Amino acid sequence: MKANEVKECLLRAGVNCLYHCNTVVTALSFLRCGGLLSRQTAERLRLPQTRQGSDEMDKLLGVYNDIFFDSVDIHERAHKINDYGAVLFVYSIDVLDSLSNYDIGVTHDNPIRWDPDMSESERYFQRKEEFIYFQKGNFAQHITVRNISVPLPFDYLYEIVIDNPGEDRREYLNEALRCIAQTLYDCDLSLSVRVRQCPDHCSCIQKYQNSKPGYTYYRFQTSL
Ligand SMILES: [Zn+2]
């Protein structure tokens, strides 16, 4: 669909921001090249990115060169760690104004449950009228910038939010924050970075503290 059509539909559904979550190491690659990257573009530019279990299937399904967004902050909404990582890029919905040359996809379901034979209309919303089935906060309905081979700049970025893994794993957060600050400085980027403050009923701290150190390290490591 066209970016302006999608924007209109998302605004009507109460979506004002778009959220992209990733690991620290992949986030650092984004910062170094000045914008979010599709998995394929990061690979082509030989930039470090954390492997995802869905990578091979994504190539087969033709979404490997797409950038994925959610309509909510999943960690905040679900009170648990986002599977994709510890760093969240929060964009204004107005970022769609800069994407009029791209096809914007809104998925009916997460591509991990797609079949390679599924039609375009089974995969994506096709018309504005279909958005009665769109729900803000449905984690399977992703907003994607399709086939994008350049960085998506930070002009419309509100902030970067990083998880707080708690006192026991503080070393990971400190090192990640240090590397992010250094990269912002090196790249002359002025972006707001905030450490996530969770309510007591969020399960993230317990999960970070009770999992093997590798669980946290995977999300916070600063190089591969
Ligand atoms: Zn939390």
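Trainee: In what order do the four strands of the open sheet stand?
Mentor: Good place to start: this is a predicted model, where local features need pLDDT of at least 70, side-chain atom pairs count only at pLDDT 80 or more, and totals for chains, interfaces and linings use all residues. Residues are numbered from 1 along each chain as its sequence is written. Strands are DSSP runs of E, at least two residues long and numbered from the N terminus, and two of them pair if DSSP finds at least two bridges between them. The pairing in this four-stranded sheet is mixed, and the order is 1-4-8-9.

Trainee: Which strands of that sheet have one side left without a neighbour, and why?
Mentor: A strand with a single partner strand stands at the edge, so one of its sides has no neighbour in the sheet. That is the case for strand 1 (17-22) and strand 9 (193-195).

Trainee: Which residue of strand 9 does V161 stand opposite?
Mentor: Strand 8 (residues 157-162) pairs with strand 9 in the parallel sense, over three bridges. Across from V161, in strand 9, stands R194.

Trainee: And in strand 6, what is the bridge partner of I67?
Mentor: Now we move to an open sheet of three strands, antiparallel in pairing and ordered 3-6-5. Strand 3 and strand 6 (residues 143-145) pair over three bridges. The bridge partner of I67 there is V145.

Trainee: At roughly what angle do the axes of helix 7 and helix 9 cross?
Mentor: Helices are DSSP runs of H or I with at least four residues. Their axes are lines fitted to C-alpha atoms over the stretch in contact, with angles from 0 to 180 degrees between N-to-C directions. Helix 7 (residues 170-186) and helix 9 (residues 213-220) have axes that come within 10 Å and cross at roughly 10 degrees.

Trainee: Which residues of helix 9 make the contact?
Mentor: Contact here asks for C-beta atoms, placed from the backbone, within 7 Å. Helix 7 brings Y172, L173 and A176, while helix 9 offers T216, Y217 and F220.

Trainee: Leaving out residues up to four places away in sequence, what does A176 touch?
Mentor: A176 is one of the residues touching the most other members of the largest nonpolar core, which has 40 residues. Such a core joins buried Ala, Val, Leu, Ile, Met, Phe, Trp, Tyr and Cys residues through C-beta atoms within 7 Å, where buried means 20 or more other C-beta atoms within 10 Å of a residue's own. With those sequence neighbours left out, A176 touches V24, I162, F220 and T222.

Terms used:
Contact = placed C-beta atoms within 7 Å. Buried ≥ 20, exposed ≤ 12 C-beta atoms within 10 Å, placed from the backbone.
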